[in-house]
Amino acid sequence: MPGERGRAPQDVPDESARRDDGLLAVRAGEGDEEAFEELVRRHAPGLLRLATRLLGSRTEAEDAVQESFVSAWRKLPEFRRDARFGTWIHRIVTNRCLNVLRARRPAVHLEGVPEPQAPEHEASPARVAEGHAAVADLTRAMAGLSPEQRVCWVLRELNGLSYESIAESVGISPEAVRGRVFRARRYLTEAMAAWR
């Protein structure tokens, strides 16, 4: 699933888009609202998917992303030109989501995350009931993770980011990310053992 295992990470802009982001960030830092609006258009969809996965609530995710962009607008004059805007805003959103998770702990729900629909011919009542039960069990299992483990696990397993990218986004070492992902995987494997 993650980029290192054959799949390209989601929402990773190409090199020209990164350069354009840098120019737009400079212009936005100088007060160009249109440049900032373009950055929001480019990055908001991916950041909203990330926040929804982390928080399990579309409403909370929308709030977190909006607050992150407001914060980014205020901090743009301090933005280091040698950094990538995408990484910088990713970190702001991740930290905002961590704060939300810490504030509401221990209640964590995944009901807001849409689950893929089975084709009609496969959507028997038994399969639907089984799917709901699996989501409920996963919700309970995810609630047992610390916010830090949850963020690292989601970024690795659902967003396909490398350990190094996660470390940069969260502000810890790649080794610490590996440890958190390992502990989250082990916990979720044990908690979901009935579904194997």
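User: In this predicted model, is His 43 buried or exposed?
Analyst: The model is predicted, so the answer rests on computed accessibility. Buried means under 20% relative accessible area. His 43 comes out at 12%, and therefore counts as buried.

User: Where is His 43 found, and which residues does His 43 touch?
Analyst: His 43 is found in helix α2, residues 33–55. Leave out residues up to four places away in sequence. The contacts of His 43 are then Asp 21, Phe 69, Phe 85, Gly 86 and Ile 89.

User: What secondary structure does the protein have?
Analyst: There are zero strands. From the N terminus on, the elements run α-α-α-α-α-α-α-α. The secondary structure comes to eight helices.

User: How many residues does the largest nonpolar core have, and which have the most contacts inside it?
Analyst: This core has 46 residues. Elements giving two or more residues to it are α1 (15–29), α2, α3 (58–75), α4, α5 (125–143), α6 (147–158), α7 (163–170) and α8 (174–191). The residues with the most contacts inside the core are Leu 76 and Phe 85.

User: Which residues does Leu 76 touch?
Analyst: Skip residues up to four places away in sequence. Among the contacts of Leu 76 that remain are Ala 25, Ala 28 and Gly 29. The others are Phe 36, Arg 81, Phe 85 and Trp 88.

User: How far does helix α4 reach from its first C-alpha to its last?
Analyst: Helix α4 covers residues 85–104, which is 20 residues. At 1.5 Å a residue, 28 Å is expected. The helix comes close to that, with a reach of 29 Å.

User: Which residues of α4 are buried?
Analyst: The buried set includes Phe 85, Trp 88, Ile 89, His 90, Ile 92 and Val 93. Further along α4, it also holds Thr 94, Cys 97, Leu 98, Val 100, Leu 101 and Arg 104.

User: Why are Phe 85 and Trp 88 about one helical turn apart, and what is the geometry of their ring pair?
Analyst: Both residues are buried. They sit three residues apart in helix α4, so about one helical turn separates them. Their ring centres lie 5.8 Å apart, and the planes meet at 55°. That angle makes the pair tilted.

User: How is the aromatic pair of Phe 36 and Phe 69 arranged?
Analyst: The structure has three aromatic pairs. In this one, the rings are 6.1 Å apart, centre to centre, with 80° between the planes. Planes over 60 degrees apart count as edge-to-face. The arrangement is therefore edge-to-face.

User: Which helices does the pair of Phe 36 and Phe 69 link?
Analyst: The two residues are 33 residues apart, so the pair links distant parts of the chain. Phe 36 and Phe 69 are both buried. Together with Trp 73, they form one aromatic cluster. Phe 36 lies in helix α2 and Phe 69 in helix α3.

User: How many disulfides does the structure hold?
Analyst: A disulfide is a covalent bond between the sulfur atoms of two cysteines. Cys 97 counts as buried, at 0% relative accessibility. Cys 152 is buried too, also at 0%. A search of the whole structure gives a disulfide count of zero.

User: What share of contacts with a separation of 6 or more is between residues 24 or more positions apart?
Analyst: The protein has 196 residues, and 38% of them count as buried. About 11000 Å² is exposed, with carbon and sulfur atoms supplying 52% of it. As for contacts with a separation of 6 or more, residues 24 or more positions apart account for 71%.

Note on methods:
Residues numbered from 1 in each chain as written. Predicted model: local features only at pLDDT ≥ 70, side-chain atom pairs only at ≥ 80, totals over all residues. Heavy atoms only, no water. Helix = DSSP H or I, 4+ residues; strand = E, 2+ residues; numbered from the N terminus. Expected span 1.5 Å × (residues − 1). Buried < 20%, exposed > 50% of the residue type's maximum accessible area, 1.4 Å probe, protein only. Disulfide = S-S within 2.5 Å. Contact = heavy atoms within 4.5 Å. Core = buried A, V, L, I, M, F, W, Y, C linked by side-chain atoms within 4.5 Å. Areas by Shrake-Rupley, 256 points an atom, 1.4 Å probe, with all protein chains shown as cover. Phe/Tyr/Trp six-rings, centres within 6.5 Å; stacked < 30°, edge-to-face > 60°.
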